[in-house]
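Me: I have a protein model open and would like to talk it through with you. Could we go over it question by question?

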Amino acid sequence: MKRLEFLGDARDELRRFPENQRREAGVQLHKVQLGFEPSDWKPMPGIGAGVREIRIRDEHGACRVMYVASFEEAVYVLHAFQKKSQQTSKRDIEVAATRFKQI
């Protein structure tokens, strides 16, 4: 099983999710650590090669966790945020891209 490595404030942001969404994010990240696909995700090639976004939706709204698992040593969680609009904000994309470059 790969270890999880949170970059920047991604862990703190994930902890701010509503409890159900936080729990679901944990389940989905654990699946990724074990080498499986999350239940609902999409590729984010504009951020970097292998970057994906876990999509979590419930009655509280939508949350996203951007990560990259293509490195052998770890699953890197680049960014976690609550969505406020249909389109991912430019700021959220820039945060994830900057952190991806740090790897």
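Me: Happy to start with the terms. Below what relative accessible area is a residue called buried?
Reply: Gladly, and please keep in mind that this is a predicted model. Residues over 50% relative accessible area are exposed, and partly exposed ones lie in between. The cut-off for buried is under 20%.

Me: With that in hand, is Leu-29 buried or exposed?
Reply: Leu-29 lies in helix H2. Its relative accessibility is 2%, and the cut-off is under 20%. Leu-29 therefore counts as buried.

Me: Leaving aside neighbours within four places in sequence, which residues is Leu-29 in contact with?
Reply: Helix H2 covers residues 19-33 and lies across S1, S3, S4 and S5, and Leu-29 is one of the residues in this helix. Leaving aside neighbours within four places in sequence, its contacts are Leu-4, Leu-14, Ile-54, Val-65 and Val-77.

Me: How far apart are the C-alpha atoms of Leu-29 and Glu-94?
Reply: Along the chain, these two are 65 residues apart. In space, their C-alpha atoms are separated by 22 Å.

Me: Let's step back to the overall fold. In what order do the elements run from the N terminus on?
Reply: The protein has three helices and five strands. Read from the N terminus on, they run β-α-α-β-β-β-β-α.

Me: Why can the protein be called as compact as a globular protein of its length?
Reply: The globule rule gives 13 Å for 103 residues. The model comes close to that value, so it is as compact as a globular protein of that length. Its C-alpha atoms fill a box of roughly 35 × 30 × 20 Å along the principal axes. The radius of gyration behind the comparison is 12 Å.

Me: What is the order of the strands in the sheet?
Reply: The sheet is open, with five strands and mixed pairing. Its edge strands, each pairing on one side only, are S1 (3-6) and S2 (41-43). Neighbouring strands are turned by 30° against each other on average, direction ignored. The order is S1-S5-S4-S3-S2.

Me: How many bridges pair S3 with S4?
Reply: Strand S3 spans residues 51-58 and strand S4 spans residues 61-68. A hairpin joins them through two residues. They pair in the antiparallel sense, and the number of bridges is eight.

Me: Which residue in S4 does Ile-54 stand opposite?
Reply: On the S2 side, three bridges join S2 to S3, and these strands run antiparallel. There, Ile-54 in S3 is the bridge partner of Trp-41. On the S4 side, Ile-54 stands opposite Val-65.

Me: At about what angle does helix H3 run to S5?
Reply: Helix H3 covers residues 90-102 and lies across S3, S4 and S5. For H2, the angle to S3 is about 145°. For H3, the angle to S5 is about 165°.

Me: How many residues are in the largest nonpolar core?
Reply: In soluble globular proteins, nonpolar side chains tend to be buried together. In this model, the residues with the most contacts inside the largest core are Leu-14, Phe-17, Leu-29, Ile-54, Val-65 and Val-77. Helix H1 (10-15), H2, S3, S4 and S5 each supply at least two residues. The size of this core is 15 residues.

Me: And how many residues does the second, separate core have?
Reply: Among its members are Met-44, Ile-47, Met-66 and Phe-81. The second core has 13 residues.

Me: Is Gln-21 buried or exposed?
Reply: Gln-21 is found in helix H2. Not counting neighbours within four places in sequence, its contacts are Ile-56, Asp-58, His-60, Gly-61, Ala-62 and Cys-63. Within this set, Ile-56 has Cys-63 as its bridge partner in S4. Because its relative accessibility is 1%, Gln-21 counts as buried.

Me: What is the relative accessible area of Arg-64?
Reply: Arg-64 is found in strand S4. Beyond four places in sequence, the residues it touches include Phe-17, Glu-53, His-79 and Phe-81. Arg-64 is buried, with a relative accessible area of 6%.

Me: One last number: what share of the 103 residues is buried?
Reply: The accessible surface of the protein comes to about 6,000 Å², of which 48% belongs to carbon and sulfur atoms. Counted by residue, the buried share is 41%.

Methods: Residues are numbered from 1 along each chain as its sequence is written. This is a predicted model: local features need pLDDT of at least 70, side-chain atom pairs count only at pLDDT 80 or more; totals for chains, interfaces and linings use all residues. Side-chain values use heavy atoms; hydrogens and water are left out. Two strands pair if DSSP finds at least two bridges between them. Helices (H or I, at least four residues) and strands (E, at least two) are DSSP runs, numbered from the N terminus. Axes are lines fitted to C-alpha atoms, for helices over the stretch in contact, and angles run from 0 to 180 degrees between N-to-C directions. Contact means heavy atoms within 4.5 Å. A nonpolar core is a set of buried Ala, Val, Leu, Ile, Met, Phe, Trp, Tyr and Cys residues joined through side-chain atoms within 4.5 Å. Buried means under 20% relative accessible area, exposed over 50%, partly exposed in between (1.4 Å probe, protein chains only). The radius of gyration is taken over C-alpha atoms; the globule rule is 2.2 Å times the number of residues to the power 0.38. Accessible areas come from the Shrake-Rupley method with a 1.4 Å probe; for residues, only the protein chains shown count as cover.
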